[in-house]
Amino acid sequence: MEEKESKQALYLVMGGRVTDPRSVTFADPESLHVAGVYSTYDAAVDAWRANAHRTVDDAEMKYVIVHLHKLLDPAG
């Protein structure tokens with residue numbers, strides 16, 4: 001029986017100033033804050049929440065979770 005390699009999940013948490021609070025178009029991509037890369041969605045949500053909470057009073061600051069594993073293997 002052939003064993004399948006399990007897929008590794010990776011989540012990137014990043015944020016910065018956006019051009020419009022309703023979008024995810026960053027005003028200055030070179031100055032994005034990378035909070036980190038996480039192997040579980042729960043850890044990524046915790047990091048996202050902590051950073052979003054820290055900047056809650058600034059409507060132009062936005063943090064997002066990027067599913068890196070989906071970008072690395074779109075077919076998977």
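The exchange below asks how the labels on this predicted model are justified.

Mentor: This model is predicted: local features need pLDDT of at least 70, side-chain atom pairs count only at pLDDT 80 or more, and totals for chains, interfaces and linings use all residues. Residues are numbered from 1 along each chain as its sequence is written, and side-chain values use heavy atoms, with hydrogens and water left out.

Trainee: Why is strand β1 called largely enclosed?

Mentor: Buried means under 20% relative accessible area, exposed over 50%, partly exposed in between (1.4 Å probe, protein chains only). In β1 (residues 11-17), 6 of the 7 residues are buried, so the rest of the structure largely encloses the strand. Strands are DSSP runs of E, at least two residues; helices are runs of H or I, at least four; both are numbered from the N terminus.

Trainee: What makes β1 and β2 a pair?

Mentor: Pairing takes at least two DSSP bridges between two strands. β1 and β2 (residues 33-38) have 5 and run antiparallel. Gly15 stands opposite His33 there.

Trainee: How many bridges join β1 to β3?

Mentor: 7, again antiparallel, with β3 spanning residues 61-67. Here Gly15 has Tyr63 as its bridge partner.

Trainee: How do you know that the buried residues of α1 line one face?

Mentor: Ala44, Val45, Ala47 and Asn51 are buried. Seen down the helix axis, the buried residues fall within an arc of 165°, so they line one face. That arc is taken from the directions from the axis to the C-beta atoms. On the other side, Asp42, Asp46 and His53 are exposed.

Trainee: What do the buried residues of α1 pack against?

Mentor: β1, β2 and β3, where contact means heavy atoms within 4.5 Å.
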